[in-house]
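Work through the exercises below with the model open. Try each task before reading its solution.

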Amino acid sequence: CIRDRGKTMARVARAAVLRAGGSTKLLAKLEGALGAISAGEMDWPSAKIHFSAAKKHFADVNDSSAQSRLDLAVSLLNLGTVLSSLGEFEKALSQMQEATEIWREAFGELHPKVASSHYNIGLLHFQQDEHEMALKELETALSIRKQVYGERHLLVAETLRLMALIASAQENYEETRELLEQVLEVQRETLRAEHPKIAFTQHDLGSAFFDLRFLDKARHHMESALAIRLQALGPEHPLTVSTRVNLGLLDVHEGDTQSALAHYQAAHEVWLKVHGPKHAKVALVLSNLGLLHLSMEEPEKALQYCKDAIEAQGEEDLESMLCMARAKLNMGDAKGSLALAEKTLSLMPPGESTPELNFHLALALWETNSDRERAIALAQGVRDHYAAVAKRYPKRTDELDEVATWLQARAATP
């Protein structure tokens, strides 16, 4: 109600200024206010229109004062953020870089605005999987923030956390853990124990320890995150549900299928209510349910869940297709499984695959007796990949053991 009233007032004021031929700077500020309201409503197309108008008005101001330049920088940053939300990354980057230059000219390099701008540009590169470029921006932001605020500041922790997410995306799990532990240490010094930001870090640390296969520590951090989120956000909040999904993954790994089932079913119920039946998060949990029923030796149920996941996603995706292929193989339909696996491979960029898909292709090729030489070659490549992972992370041997055992058994087959 307050937001609607603010939007109405800003529109009325804008109309009055236009009729009176009033200040261009005032028009710019009114457009900026309308843009902020639209962004708060996640109405990105309207926000783009208003922030673009604000930028144009500020650029047209016949005033070379420092404040006018700073007002323009704010409009550029706001427009860049909205363009990023619309997926227009190149345009967003251009706006943010221009804002950075204005702030650097006004304040010098060692200023919070300059640091924040580098952080935002780093986040933009991260969203495009441009990890090295993201890290370069974040290292600059981190250096400035440490000099401005000191080592033990929440903005320093914020920067370290994004660097940890990049390390995780690059499968540098030990570095991820180290960075997140630094973040948690700062947060515990400055925030109350049940603060939602601490839950974010606990959640991510749990994932890092899971990737390293320190399962007890993974569970400790995930359960700590869940306790905070249940208290602060309630059981049906999407963030609470995301932690339950991660606990479900851990349960599957430890063989507690009933606990995993409870977590996944709760997640499915909430995400269905929040997002409706056609959403990526609904598809994710349906795919997880499919994989869970595979581990429970219920391939028919698994197959149906994976089909439902594709319907929820709205397109064929790697996880769901591979789940269907595995279900068909477990049901004795090796030819159908191979066809699905080959189709899944065709969905990927030329020359790319994943260890999971390659190993399943090896299984299906062997069972159909269609190309056992290719099956062995694929499995050996997967074994070598997992051997490198196990060398780097000594506790993470489960994938290697599975593939090596299969190859050893095939070597004994005439």
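In helix 5, Ala92, Leu93, Gln95, Met96, Ala99, Thr100, Ile102 and Trp103 are buried (under 20% relative accessible area, 1.4 Å probe, protein chains only). The model is predicted: local features need pLDDT of at least 70, side-chain atom pairs count only at pLDDT 80 or more, and totals for chains, interfaces and linings use all residues. Residues are numbered from 1 along each chain as its sequence is written, and side-chain values use heavy atoms, without hydrogens and water.

**Exercise 1.** Find the packing partners of the buried residues of helix 5.

*Solution.* Helices are DSSP runs (H or I, at least four residues), numbered from the N terminus. Take contact as heavy atoms within 4.5 Å. The buried residues of helix 5 then pack against helix 3 (44-60), helix 4 (66-85) and helix 6. Next, look past the end of helix 5: Gly108 follows, with a positive phi near 85 degrees.

**Exercise 2.** Identify the residues that touch the most other members of the largest nonpolar core.

*Solution.* A nonpolar core is a set of buried Ala, Val, Leu, Ile, Met, Phe, Trp, Tyr and Cys residues joined through side-chain atoms within 4.5 Å. The largest has 33 residues; Leu160 and Met163 touch the most other members. Helix 8 (154-169) is among the helices that each supply at least two residues. Helix 8 gives the most, with 7 residues. Now list contacts of Met163, leaving out residues up to four places away in sequence: Leu135, Leu138, Glu139, Leu142 and Leu179.

**Exercise 3.** Place Val148 in its helix and state its exposure.

*Solution.* Val148 sits in helix 7 (residues 131-149). Its relative accessible area is 34%. Partly exposed covers values between buried and exposed (over 50%), so Val148 is partly exposed.
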